[in-house]
Amino acid sequence: MRLTWLGMLAWIWWLQTAHAEPVQSSSQAIEPWGDAASGDGLAPRFLRWLAAQSGLQLRQDIRPLPRVVEDLKSGQNALALITASTERDGFGLEVCRPTAIRLSVIYRDAGRTLSLADLRRRPVGILRGTHTLDRFLAESGADRVFVRNLHQGFRMLRAGRLDAMMCVRPGCGHTLRELSTPADKWAELPISSEPMAVYVSRAHPLARDAAMLDRLRAACASPQGKQELAGLLARYD
């Protein structure tokens, strides 16, 4: 597809000022990837490292996941680390898949393993803005209860207001350890594993900087990149 005149001018401007001004990078406000209160998290730390290795300056913030995705579509968000999907390939150029999240639900251990059928019409806590458990919810018939974060969800689970709570690893283990007492007995029902991808917005001039994309890919795939991410995963879970 030919570039529009506006797009061509933006590209020329980008090539001329590529390393002079920071580009916007927004991370999702879902633990442990991003915490809106502190502005910190696994995703901004890894993206900051990736950019530093590649000679790219970032201006970072933490936003709700739907906003992160919409801004990636429009080009206002140039770089993000979010769950990979074919739908997101339409507006995001995949740079690499540095890790994966493991999805499950946590429930109180009553001496028997919970099945999907056991959750029918029972309240299950789901992180607001996520769709990674949509298929699980449809198959189980569970009642979706939106929660702001893992802490809120596990507090509701401990109080008996939920029968199960979505668990996202990394992140879930750390939160459980924070909130649990020795008397708490938890069980876990594994659901799936989903890859996480670094995306560059196709609507941003960064997507047409082939040299920069190559540097980002190389840094992500390097032994140092794997070591950096491993350290962050250990810290946040």
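Which residue just after α2 takes a positive phi? In this predicted model, that residue is glycine 55, whose phi is about 80°. The points below take up the helix that precedes glycine 55, then a buried serine, the salt bridges and the disulfides.

1. Helix α2 covers residues 42–54, and because each residue should add 1.5 Å, its 13 residues are expected to span 18 Å, which agrees with the 19 Å that separates its end C-alpha atoms. Among the residues of α2 that are buried are Leu42, Phe46, Trp49 and Leu50, and the list also includes Ala51 and Ser54. Glycine 55, with its positive phi, then comes just after the helix.

2. Serine 27 belongs to strand β1, which runs over residues 23–28, and with a relative accessible area of 2% serine 27 counts as buried, because that value falls under 20%. Once neighbours within four places in sequence are set aside, the contacts of serine 27 include Ala43, Pro44 and Leu47, three residues that are themselves listed as buried in α2. Serine 27 is also in contact with Trp33, Asp61, Ile62, Arg63 and Val68.

3. Two of the residues that serine 27 touches, Asp61 and Arg63, are joined to each other by a salt bridge, in which the closest N and O atoms are 2.8 Å apart. Aspartate 61 has a relative accessibility of 22% and is therefore partly exposed, whereas serine 27 is buried. Asp61 and Arg63 also take part in a network of salt bridges that links them with Arg67 and Asp71.

4. The count of salt bridges in the model comes to 14, and one of them pairs lysine 73 with glutamate 70, where the closest N and O atoms lie 3.3 Å apart. Both residues sit in helix α3 (residues 65–74), with a separation of 3 residues, or about one turn of the helix. An α-helix has 3.6 residues a turn, so residues three or four places apart point the same way. Lysine 73, at 35% relative accessibility, is partly exposed, and glutamate 70, at 44%, is likewise partly exposed.

5. In helix α8, which comprises residues 210–221, arginine 217 and aspartate 214 are also 3 residues apart, about one turn of the helix, and their side chains meet in a salt bridge with an N to O distance of 3.6 Å. Arginine 217 is partly exposed at a relative accessible area of 30%, and aspartate 214 is partly exposed at 47%.

6. The structure contains 2 disulfides, one of which joins cysteine 96 to cysteine 220, with 2.1 Å between the sulfur atoms. This pair connects distant parts of the chain, since cysteine 96 lies in strand β4 (residues 92–108) and cysteine 220 in helix α8, 124 residues apart. The torsion about their S-S bond is about 85°, and the disulfide is therefore right-handed. Both cysteine 96 and cysteine 220 are buried.

7. A disulfide also forms between cysteine 167 and cysteine 172, whose sulfur atoms are 2.2 Å apart. Here the torsion about the S-S bond is about -115°, so the disulfide is left-handed. Cysteine 167 is buried at 0% relative accessibility, and cysteine 172 is buried with a relative accessible area of 0%. When the bonded cysteines are numbered in sequence order, the pairing reads 1-4, 2-3.

Key: Residues numbered from 1 in each chain as written. Predicted model: local features only at pLDDT ≥ 70, side-chain atom pairs only at ≥ 80, totals over all residues. Heavy atoms only, no water. Helix = DSSP H or I, 4+ residues; strand = E, 2+ residues; numbered from the N terminus. Buried < 20%, exposed > 50% of the residue type's maximum accessible area, 1.4 Å probe, protein only. Contact = heavy atoms within 4.5 Å. Expected span 1.5 Å × (residues − 1). Salt bridge = Lys/Arg side-chain N within 4 Å of Asp/Glu carboxyl O. Disulfide = S-S within 2.5 Å.
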